[in-house]
Amino acid sequence: MGDNLARKILKEHLVEGELVPGTEIAIRIDQTLLQDATGTMAMLEFMATGLPRVKVGLAAQYVDHNLLQTDNKNADDHAFLASAAQKFGVNLSKPGNGVSHQVHLERFGVPGTTLLGADSHTPTAAGMGQLAIGAGGLDVALAMAGYPFHLTCPKIWGVKLTGRLQPWVSGKDVILEMLRRHTVKGGVGKIIEYYGPGVATLSATDRATIGNMGAELGATSTVFPSDENTRAFLEAQGRGGVWRELSADPDAGYDEYDEIDLSQVVPLIACPSSPDNVVPVSEIEGLKVDQVIVGSSVNSSFRDLMTVCRILEGRRIAPGLAFHINPGSRQVLENVVARGGFMMLLLAGGQVHQPGCLGCIGMGQAPGTNQVSLRTFPRNFPGRSGTKEDRVYLCSPETAAAAGVFGVVTDPRKLSELLPWPDVKNPDRYLVDDSGIQAAPNDGASVELVTGPNIVPFPEFPALPDRLDVEVIIKVGDNISTDTIMPAGNKVLPFRSNIPAISKFVFEQADPEFAARAAEKGDGAVVGGENYGQGSSREHAALAPRFLGIRVKIAKSFARIHRSNLINFGIVPLVFKDPADYDRIKQGDRISIPRLRELVSSGATEIPIDVGGTGMTTLLHASERERRELVAGGLLNSVKEENHG
C-alpha cells in the first residue's frame, strides 16, 4: 500500500519517533506564523531563550487582530513587535496589510513544507498544499528557536471528493457539510486529507476555506494535493518557482474514510451557537437578518469578495440591514478595486473596512441586542461577537449576499431569478503589492527593542509539588471553548502581553467572580466535560489560569491545542477514568493528590485522587517529554534546565 500525502510530508520532516497514530513524534518546522494577539507573548517567550536570531527557514509576524487603537496598549504592542521582528529576523506584515492566513497563502506558503502558527486557523495554508498546524505561542517560539515540534502522531482521515459543486454553492458549504456530519469533535487526533477527482474542481482559495475550518472539527491539520490549481495560484502571485507537484500514491490507504459528492452539496448554514449546528439554508429561509459580515480569516479571498460584488452590482442592500465587508488582505482589496468591485459594494450601500480580523475576534462589529448576524466567519461560539446571547449564523459569501439583497435568510440559488451565476475565478495574474510587508533584515544586532508599559516580562512558575491539596474553583460542561476560558474582544485582547492584567478576565462570561476566587484560594483546580478547551490556540487560556494558581484541570477529554498549552505552563491535564465521576465533583470540593510529582515523573498512567474523602481514579496520558515539562513546572523551565544541565 502506498503513502498518502500527509504521511509523505510527515516522513520528510520526522526527526523523532515513528509514524504510529497515538504515539509522540517530533517534526522539523520550515515556517512559523505569529499574529499580534498571540505574538507579543510568543516574542517574549522567544526572547527568554536568549537567542540573537530565529533559526527557522521563514518566520512571519502579522498585525491583524488588535487593530483598534483606543489607547496606547495596542500601538505599544505593535511598536514592540516591529522592533522585535527587525532585531530577531522576522518578516513583519504591518497593520492593514491583511489577515495572517490570507497573506501567508499569497506571499509565503510553499507546497510540501511545514508551517507552525500561533493561531488555530493556520491550516488555511492547506490551500497551498502546505502542512500547517496551529499551536500555542510557546510551541511556536521554540520552533523559531530551531526546536522541533512535538505532537501526538495523528490518524490520517481520507475524504474523497467526487463531482463538481453546483452554481451558488462553494467551499464554505463543503466544510459546513463536514461539520454537519462529524461535529466539532469529529477531527480530533486526525489530519484530514482531501483527495479524488473532485479536488481538481476546487480553486486554491476554496481549498483554503475548507482547510481553515478544519480547526472547527478539532483536526490537527488539513491537507490538499499540490496540483495545477496550486501552480496557477502561485504563478498568479509571481511565485511559480516554489511550486512542486504533491499527491498521495494511487494505492494510498487511510486510517479513516469519508466521501462527498460535491454535486450533492447544498447551501448550508451553522445556527447559533456552534459551528456544527448546521442545517440547509432552505430550512430557515425567511428569518429577518440585521447584520451581514463577509470576510476576515475565512472567505475573504478575491473570489469570495468579487462574487459578493457581482451579486450586489446594480442593487441596494435591503432596508434596515448593515452589510460589512472585511477583505482578507490589501492585495485582495486592490484586485477587487482594479476590477470595479469596490464601486459595486459602495453603490449598493456596503461598508468596506480595512483588511483584518475585526469582528471575527470581537474587535468591533458587535451586533445589537437580539439581532441576527450572518457571517462568513469560522466561529460562532456564544458571546464571541462581543454581544451576550448573540445570534450569529455562519454561511457562505453567496448566502450572505442573498441575505443582503432580500433582507432575510435566503437560499442563494434563488438569486438565479435575478442574475446569472457569477462564476467568479481567481485572476490569472494578481496585482502584487508588498508595501505592507517589512522584510527581515540580515542583521538586527543594533536594533533597539521598543517596550511600552504594557509589555510585562513572562512570569516565572514553580516546579510541580510532591502533592496537591486544592479546591475546585469552577466546574463547567462540555465543549467549553477557549473563548469562554479567556475571552477575546477589544476590552481583553490589548492585555495579551500583560499576564497579571489579562488574568482578571479568566472565565469572566461563565463566572465573573472566578479570578478573584482563584487568587484568594491559592492553588486550585478546574473540572470540565468533553472536548474542554476547543477553539482557538490562545495559550492565555492556560497561562492566565496558571498565573491565578490553577495547578490541575480534570475533564472527560481535552482539545488538542489546549491540552498542549496546559502542559506547556505546568498545569496537569487529568482525564476521568470513569466519565461518571464527573458528576461526583462540584465546585468548592477539596481535591487531594498525594505523590503527584512521583507519579508524574515515574510514568504512571493512573493518578488516584481524593475528593472530599471519596477516592476516584484519573488518567494522565503524557509522553516522557511532557512529564519532564510538568515536573519542571512548564516547558520554559524544562528548556532552561536542559540548556544549563
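# Helices, cores and odd backbone spots

Trainee: Which residues of helix 19 are buried?

Mentor: Keep in mind that we're looking at a predicted model. Helix 19 runs over residues 624-632 and is mostly covered, with seven of its nine residues buried. To count as buried, a residue needs under 20% relative accessible area. In helix 19 the ones that make it are Arg625, Glu626, Arg627, Glu629, Leu630, Val631 and Ala632.

Trainee: And which residue just after helix 19 takes a positive phi?

Mentor: Go one step past the end of helix 19, which covers residues 624-632. There, with a positive phi of about 95°, sits Gly633.

Trainee: How are helix 17 and helix 19 oriented to each other: parallel, perpendicular or oblique?

Mentor: Start with the angle: helix 17 (residues 560-568) and helix 19 cross at roughly 50°, and their axes come within 8 Å. Roughly parallel needs an angle under 35 degrees, while roughly perpendicular runs from 65 to 115. The pair fits neither, so helix 17 and helix 19 are oblique.

Trainee: What classes of residue does the contact of helix 17 with helix 19 have?

Mentor: Look at who's touching: Arg563, Ile567 and Asn568 come from helix 17, and Glu626, Glu629 and Leu630 from helix 19. Glu626, Glu629 and Leu630 are also among the buried residues of helix 19. Sorted by class, the contact has two nonpolar, one polar and three charged residues.

Trainee: Are helix 6 and helix 7 roughly parallel or roughly antiparallel to each other?

Mentor: Helix 6 (residues 171-182) packs on helix 7 (residues 204-212) at about 25°, with the axes 8 Å apart. Anything under 35 degrees goes in the parallel group. So these two helices are roughly parallel.

Trainee: Is their crossing left-handed or right-handed, as helix 6 passes helix 7?

Mentor: Find the contact first: Gly171, Lys172, Val174 and Ile175 sit on the helix 6 side, facing Asp206, Thr209 and Ile210 of helix 7. That makes three nonpolar, two polar and two charged residues. As helix 6 passes helix 7 there, the crossing is right-handed.

Trainee: Why do helix 9 and helix 12 count as roughly parallel to each other?

Mentor: The axes of helix 9 (residues 302-312) and helix 12 (residues 397-406) come within 9 Å. Helix 9 passes helix 12 in a right-handed crossing. As for the label, angles under 35 degrees count as roughly parallel. Helix 9 and helix 12 are therefore in that group, because they cross at roughly 25°.

Trainee: How many nonpolar residues does the contact of helix 9 with helix 12 have?

Mentor: From helix 9 you get Arg303, Asp304, Thr307, Val308, Ile311 and Leu312, which meet Pro397, Glu398, Ala401 and Val405 of helix 12. One residue in this contact is polar and three are charged, while the nonpolar ones number six.

Trainee: Which residues in the largest nonpolar core touch the most other members?

Mentor: In soluble globular proteins, nonpolar side chains tend to be buried together. Here the largest nonpolar core has 84 residues, and helix 5 (residues 137-144) gives the most to it, with six. Apart from this core lies another of 47 residues, including Trp243 and Ile311. Back in the largest one, those touching the most other members are Met43, Phe507, Phe514 and Tyr532.

Trainee: Is Glu18 buried or exposed?

Mentor: Glu18 lies in the loop between strand 1 (14-16) and strand 2 (24-27). Leaving aside neighbours within four places in sequence, Glu18 is in contact with Thr23 and Ile25. Its relative accessibility is 59%, and the cut-off is over 50%, so Glu18 is exposed.

Trainee: Which residue in the loop between strand 18 and strand 19 has a positive phi although it is not a glycine?

Mentor: Don't mix it up with Asn370, which has a positive phi of about 65° but lies between strand 17 (351-352) and strand 18 (372-375). The residue you want has a phi of about 55° and is exposed, with a relative accessible area of 74%. In the loop between strand 18 and strand 19 (391-394), that's Glu389.

Trainee: What is omega near for the peptide bond from Pro272 to Ser273?

Mentor: Ser273 lies in the loop between strand 13 (268-270) and strand 14 (278-280). The bond from Pro272 to Ser273 is cis, with omega near -5°.

Notes: Residues numbered from 1 in each chain as written. Predicted model: local features only at pLDDT ≥ 70, side-chain atom pairs only at ≥ 80, totals over all residues. Heavy atoms only, no water. Axes fitted to C-alpha atoms, helices over the stretch in contact; angles between N-to-C directions. Helix = DSSP H or I, 4+ residues; strand = E, 2+ residues; numbered from the N terminus. Parallel < 35°, antiparallel > 145°, perpendicular 65-115°, else oblique. Left-handed = near helix turned anticlockwise from the far one by under 90°. Contact = heavy atoms within 4.5 Å. Nonpolar A, V, L, I, M, F, W, Y, C, P; charged D, E, K, R; others polar. Core = buried A, V, L, I, M, F, W, Y, C linked by side-chain atoms within 4.5 Å. Buried < 20%, exposed > 50% of the residue type's maximum accessible area, 1.4 Å probe, protein only.
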